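Me: I want the labels on this structure justified, one by one. Set each value against its cut-off, please.

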Amino acid sequence: MGCGTSVATENQGKISEKAMKAAVLIQRWYRRYIARLEMRRRYTWSIFQSIEYAGEQEQLQLSSFFSFMLDNFTQLSGNGPDLISNLLEPEVSEGSRGAQFEGILVSDSYCGPRLSFPLTVSDTNALLGAFKAQQTLHARYLLQLLHETKKFLKQMPNIIRLSTSCAKEITICGDLHGRLDDLLLIFYKNGLPSTENPYVFNGDFVDRGKKSVEILVVLFAFLLVYPDHMHLNRGNHEDHIMNLRYGFTKEVMQKYRVHGREILRLLQDIFSLLPLATIIDDKVLIVHGGISNMTDLDFVGSIERHKVKSALRLPRQSFDHMGLEWERREAKGYQDTQSSGRSRGETTRKRRSRSRKNSSGSSSSSSSSSSSSSLCSPCGSLHPGPTPLPSPGLLGRTDILQVPFLDSVVAMATPHSREEEEWKQVVDLLWSDPKGQNGCTPNTFRGGGCYFGPDVTRRLLQKHGLRLLVRSHECKQEGYELCHDDQVITIFSASNYYEEGSNRGAYLKLGPDLVPRFFQYQVSRCTRKLTLHQRVSVVESSALKALKEKLFAHRSELMTAFQQYDEDSKGYISTSDWAKAMESVLRLDLPWRTLRPRLARLTPDGSVEYQSCFEDVCPGQPTIQISPNLAETLYRYRTDLEIIFNIIDKDHSGLISIDEFRQTWKLFSSHLNVDVDDRTIEDLARTIDFNKDGSIDFNEFLEAFRVVHKLDGKEKQQG
Amino acid sequence: MADKESAEAVISEIHRRIAEAFNVFDNESSKSVDVREVGTIIRSLGCFPSEAELHEMIAEVEEEEPTGYIRFEKFLPAMTKVLMERKFRPIPKDVLIQAFEVLDQEKKGYLEAEELKKYMTQEGEPFSQDEVEEMLSAALDNKENVIFYKDLVSKMTFEDL
């Protein structure tokens, strides 16, 4: 009795204690496993964002290149005004456009939606059904829709004022970036727009995703059907120059081979006619990007918004003015501007605390589909080392280290003209980002707008009696984020923005109480539920690929940097030196030591075999025999060359003449200070003219500069 | 002389590692992170503290009046000490398997889902619902609704790299 039970209890006690210890051990181990996954998830995010922002910076180079071409060469091919000037110059004669769509015949075999104006709900339903079935709207109806939209938008004010009276909840959505699936998911969860269900879409409808046209059609259609309950704000991607680079122009040209240019011209006007902001109940301000310390909503209400066609084209100034600005900066000390830029950069968000104004190369490459492509800054791979400052006398040359017009306006305290002031106000609204510290500094990484601190927010909200600022413009992992003491909400509606599984999308609803309610979602292609590890791995692998492509595109600069630490040419250097070299060349502000196991091999004694960084990525089809350096340079510029070729190729044949190719390359290289001698390009051009008929199939040409990831096969084996 | 230099180099490298890990979670470049992330940072640096040990460490690096944020200034020396002293060492695979075997009283070679769930949420430093759900989704053999823990340990050790 007594002995038996007490032994049993004692044993039970022992087992219990053992079980408890075992459990603690297992929990410790598992929690550490999860922490590792969390770290991987975070740095994956950092990689995507760093590459994206680095790419956006370099967007400036392309636009400054276009400006350079425009200012110096009126015709590229000598056959009359070219597409570039057509695209970049403001619309001259609006009247002549007329109702040209009426002349377009719609054949009987077209089974897509046939719109009838004025539009009704049956048209919007037909459109939604058609797009779900992967159909494309006929050009005739698209053009008519665009004409009607343009007419409608002309009479809208710069700032729309809404109210939540009648106990209506207003739904606010952020960036969609051509992802139709996300828009359809929102409509599915939240209902279609209607008089009972008003919506505000906060810009960036196009670019990056493949269904930008469809998104615009749906949004514009609902705009026409429910003009008082559907509202669109302009985003920084509603800009024809951004579209050249980020995919929308290409999408339009591919879907509408005959009428593409007409469509794009109309859209150029429509984008600039989109309202800049929406205010709900005089309390909630909705803009795409943010604000600056100079933002003046009363002034914004009065500007001629349609004149600001693109953030990347300053109102045309005389050469003299540009030159003057240039010399003034020269006198101030070019280097000073650079270094002050750098220190400003360092006090802002970590991701952007790289200065791109260092000549030894904040350069990047075209990379995988999800992230933006980019253009090299100053020195190409062929001449590492600081680029000499351009001499003050060269008024004609656009500088490559900085973008004169953008920087000069951003740095200016007082813009010179009303036009410039209007431009700056618009750019601030569309491009700015909030940051943690007080103050307002130029957003040197976006290249436009500002970083605005909580004090700027507070001041503006107070000044106009507002309570809340809702903005978009930045991708957030949960689809939304609050900051500045909950006075600023970022809402982002494109889920899986970087990669399948990278982030959720969200929208918010505001009722008369103006308390935001958030709704999240994620478009998912696979029906099987993935474990956390699988989800993290998929996104991580994609980020690493993008990063490795960057390494590849900067191979020679990196090798030079590595070799500086490896005087005896042993082939390996310390982890510390390796990390320093990586950051000095790539300037992505990433945790290199943490990433090292994914990027490079160690020797038995713990040093980094730096050559192994480049093992995984190799050129795809080396059909063209050119020097590795030239190959690297061309690889970096792939996407930009593609854009330019597409512009030159007016009849969309995929072919351009050797002469055009040569001219383009010459312009390119002189603008970017890439030192490739004419002879090499001449040889290259002849080599790629495979059938010797004087024309180059540029898609074939570009194919040669794709890269292959060798580990892809291995990863698939491991499963 | 050389020894001193290399010792300094070692510490300096440790500092940079810690700074890197810290910065991943420091979104605003404010040199501070949310206290709830500190455990993740410590663990991602290779340590296996228990929850109790973690709380002890947090108490050490917290402000006198806890703000919900941990500053890098305070974190760095404490974490350096942890790494130099090799505290919170990894758990060897066989020890881990033994722990599972303790829970597997009948020595079946596997645990029922409900069994593991019970232990993880009631014993030791209990998991939250989310934590245990996630573990099960990774561990469960769907056909038989059990966890073959030897395989699980192998798989997760491999994935952990």
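Reply: Start with strand 10 of chain A, residues 468-471. Leu468(A) and Val470(A) point one way, Leu469(A) and Arg471(A) the other, and all are buried. Buried means under 20% relative accessible area, exposed over 50%, partly exposed in between (1.4 Å probe, protein chains only). The model is predicted: local features need pLDDT of at least 70, side-chain atom pairs count only at pLDDT 80 or more, and totals for chains, interfaces and linings use all residues. Residues are numbered from 1 along each chain as its sequence is written, chains are lettered from A and ligands numbered from 1 in the order in which they are written, and side-chain values use heavy atoms, with hydrogens and water left out.

Me: What makes residues 468-471 of chain A a strand?

Reply: Strands (E, at least two residues) are DSSP runs, numbered from the N terminus. Residues 468-471 are strand 10 of chain A. As for the alternation, in a regular strand the side chains alternate between the two faces of the sheet.

Me: How do you know that strand 10 of chain A pairs with strand 6 of chain A?

Reply: Two strands pair if DSSP finds at least two bridges between them. Strand 6 (residues 284-286) and strand 10 of chain A have three bridges, in the parallel sense, so they count as paired. Val470(A) is the bridge partner of Ile286(A). Strand 12 (residues 488-491) of chain A also runs parallel to strand 10, joined by three bridges. There, Val470(A) stands opposite Ile489(A).

Me: Why is Cys450(A) said to be in no disulfide?

Reply: A disulfide is a pair of cysteine sulfur atoms within 2.5 Å. The nearest cysteine sulfur to that of Cys450(A) belongs to Cys440(A), 3.7 Å away, so the cut-off is not met. For Cys475(A) the nearest is that of Cys483(A), at 15 Å. The whole structure has zero disulfides over all chains.

Me: Why are Cys450(A) and Cys475(A) called buried?

Reply: Cys450(A) has a relative accessible area of 6%. Cys475(A) has 3%. Both values fall under 20%, so both residues are buried.

Me: What makes Arg42(A) and Glu37(B) a salt bridge?

Reply: The term asks for a side-chain nitrogen of Lys or Arg within 4 Å of a carboxyl oxygen of Asp or Glu. Here the closest N and O atoms are 2.8 Å apart, so the pair qualifies. The count between chain B and chain A is five salt bridges.

Methods: Helices (H or I, at least four residues) and strands (E, at least two) are DSSP runs, numbered from the N terminus.
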